[in-house]
Amino acid sequence: MIDLPLPETPLRIQRDRDALAEAPALRRTLIGFAVTVLTLFLFLPLATVFIEAFGKGVAGFLNALSDAEVQSSIKLTLIVATICVPINTAFGIAAAWAVARFEFTGKSALVTFIDLPFSVSPVIAGLCCVLLFGARGLLGPQLASYGVEVIFAIPGIVLATLFVTFPFVARELIPLMQQQGSDDEQAALTLGASGWRMFLTVTLPNVKWGLLYGVLLCNARAMGEFGAVAVVSGRIRGGTSTMPLQVEALYNDYNMVGAFAVASLLALLALITLIVKTFLEWRFTGELALRRRT
Amino acid sequence: MSMRIFPRLVAIALTGVLALASGAKAEINLLNVSYDPTRELYKAINAAFGDIWSKSSGEKVTIRASHGGSGSQARAVIDGLKADVVTLALAPDIDAIAANSGRLPADWAKRLPNNSTPYTSTIVFLVRKGNPKGIKDWDDLAKPGVGVVTPNPKTSGGARWNYLAAWGHAQRRFAGDDSKVRAFVRAIYKNAPVLDTGARGSTITFAQRGVGDVLIAWENEAFLAFDEFGKDKFEIIAPPLSILAEPPVALVDANVDANGTRKAAQTYLEFLYTPTAQKIIAKNHYRPRDEAAADHSDLARFPKLELLTIDAHFGGWAAAQKAHFSEGGTFDQIYGTGAK
């Protein structure tokens, strides 16, 4: 390396403060702007949800949540998430494993297709389900003749939710597994571990925080999905109405306390997700840093 | 390896779902697929019917409801929503189910009294307290600067009644001069910046969000908003001329036979014509067919106005649907890309 003399720059920047920092006025304006936007579009609406939910006191709130239709919507949402999250977790691990560890033709196409649900509007996803499994769809009449109901029943809601939550786990794991490489796994194999043993004792522990993070996001979306589910649900109250649909139905009933009580449960879920996510991000980066040091 | 667990997981999940879906068949379940503003009406009707049915048969009957824009609800039944009965906003939506799915016969309307319409309603205006824009008649809706709220006739049944009521008024005012009628209805829809998909959506837009000066609404919907949001906020204005809206009900034969619910579903629809139900109907601001059964105070609230009928003034629903709401019909011509 040769030290080149730096060209003499005209001294337009004042020397009394760090050249890389913004002017204090600019910084204050930017921070003020960010805080205002956050307050207007995030904190205020969130506060409104809880204020409206308790508009008729704690008794009104509990009363709204003990309604049979509301209970059924909570149960349905839990069932759907319980089915969708494990399936998409299994898929996500399998896909990430295939993409990160093997070279094959069509790999980039696979990665693109995993992302498809992010770019397709959820309503379209729902409509595709109806076109496939509806009474006049491609597969619907066949299935109906075996007595299998898909659309306007739980399986349809599960399918639509599976579709929209499809990429979350895979998206989280692919870059992580690619970055980590396969050295640890090869070491395990050379030491005589079976495929399963390697997977359970090396691969999984290596990605556990990333995996948890993906599962969390997947779960939040599975419980909160509206568009795709609205198309395939048929909106049967106390039957195929999930929590987000129930919020809309109650709102349209002029039942503000009911609507916002259910909405507050969803908001609560979002807040818990956010807290756990922040915690995981902190743990997750710590883990990675540790691995880089050793 | 995990690829091999995947199908097994799916199988376990699906069996779980099927078990859940098929469980608990000890009682009778009916599904009533209805349009948007009937939520409160059928809540009351269902409770009354449940009592009567359990007393007479000893069975417990649970009636579930699904509400949405009349057109989109018909669409859902065509796509396989297992409705035992449909109670929609207008006859063409049930005709569409009959024509596209064959789940009920084309002459469904003849199976119950009054062309299968146990109650009627009409179209009125809901305005803000004190009627600041001085709205009295349809003419006032076409004036520049009046904000009109009405749903989209393509998806909402109520909106189609609204549209035809305005059209009928214009026909009379301009003695059938077609270009003037079109210009008049176009002026009204030009005043409507948002078209919600269902009648209830429009009511919320007008009453809750405070958009517009006048809501063109079902009479029952206007009364409900009036009760719900306080009489100090709104006024109901009845135009001198409106339309007789006849929301029909029908049994969906293929579905009740598959569900084994024909008897209960049929009794449910017949129940709508009984004095007990007619009284509930009037209480919920629908006009009962049997006025003798209703409370006098409920009847007294209905404004007296001249009502056009779909058969006498628009040549029946089939003709009206084709002329106004089909692809390229008058609504398409005056609203959206076709509007000039």
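How many Å separate the centres of domain 1 of chain A and domain 2 of chain A, taken over C-alpha atoms? I looked this up before anything else, keeping in mind that the model is predicted, and I noted a separation of 30 Å between the two centres.

**Domains of chain A.** I then went back to the bounds, which the domain assignment of chain A places at 23-53 for domain 1 and at 57-293 for domain 2. Where the two touch, I found five residues from domain 1 of chain A and eight residues from domain 2 of chain A in the contact. On the side of domain 1 of chain A that touches domain 2 of chain A, I recorded four nonpolar residues and one charged residue, with no polar ones.

**Contact between the chains.** I next turned to the contact between chain A and chain B, to which chain A gives 32 residues and chain B gives 28 residues. I asked which elements of chain B each supply at least two residues of the side that touches chain A, and my list reads helix 1 (2-22), strand 2 (61-68), helix 3 (70-78) and helix 9 (199-208). Helix 1 of chain B accounts for the largest share of that side, with 10 residues. Sorting the side of chain B that touches chain A by class, I wrote down 16 nonpolar residues, six polar and six charged.

**Chain B as a whole.** I noted 17 helices and 11 strands in chain B. Its radius of gyration is 22 Å, close to the 20 Å that the globule rule gives for 340 residues, so I entered chain B as being as compact as a globular protein of that length. The C-alpha trace of chain B spans about 65 × 60 × 40 Å along its principal axes. Of the 340 residues in chain B, 48% are buried. Among contacts in chain B with a separation of 6 or more, I found that 71% join residues 24 or more positions apart.

**Strand 2 of chain B.** Having met strand 2 of chain B among the elements that touch chain A, I looked at its surroundings. Seven of its eight residues are buried, so I described strand 2 of chain B as largely enclosed by the rest of the structure. Strand 1 (residues 28-35) of chain B pairs with strand 2 of chain B in the parallel sense, over eight bridges; for B:Asn29, the bridge partner in strand 2 of chain B is B:Thr62. Following the path onward, I saw that strand 1 of chain B, helix 2 (residues 39-57) of chain B and strand 2 of chain B form a β-α-β unit, and I entered its hand as right-handed.

Terms used:
Residues are numbered from 1 along each chain as its sequence is written. Chains are lettered from A and ligands numbered from 1 in the order in which they are written. This is a predicted model: local features need pLDDT of at least 70, side-chain atom pairs count only at pLDDT 80 or more; totals for chains, interfaces and linings use all residues. Domain bounds come from an automatic or database domain assignment. Two residues are in contact if their C-beta atoms, placed from the backbone, lie within 7 Å. Ala, Val, Leu, Ile, Met, Phe, Trp, Tyr, Cys and Pro count as nonpolar, Asp, Glu, Lys and Arg as charged, and the others, Gly among them, as polar. Helices (H or I, at least four residues) and strands (E, at least two) are DSSP runs, numbered from the N terminus. The radius of gyration is taken over C-alpha atoms; the globule rule is 2.2 Å times the number of residues to the power 0.38. A residue is buried if 20 or more other C-beta atoms lie within 10 Å of its own, exposed if 12 or fewer, and partly exposed in between; C-beta atoms are placed from the backbone. Two strands pair if DSSP finds at least two bridges between them. A crossover is right-handed if, with the strands pointing away from the viewer, the path from the first strand over the helix to the second runs clockwise.
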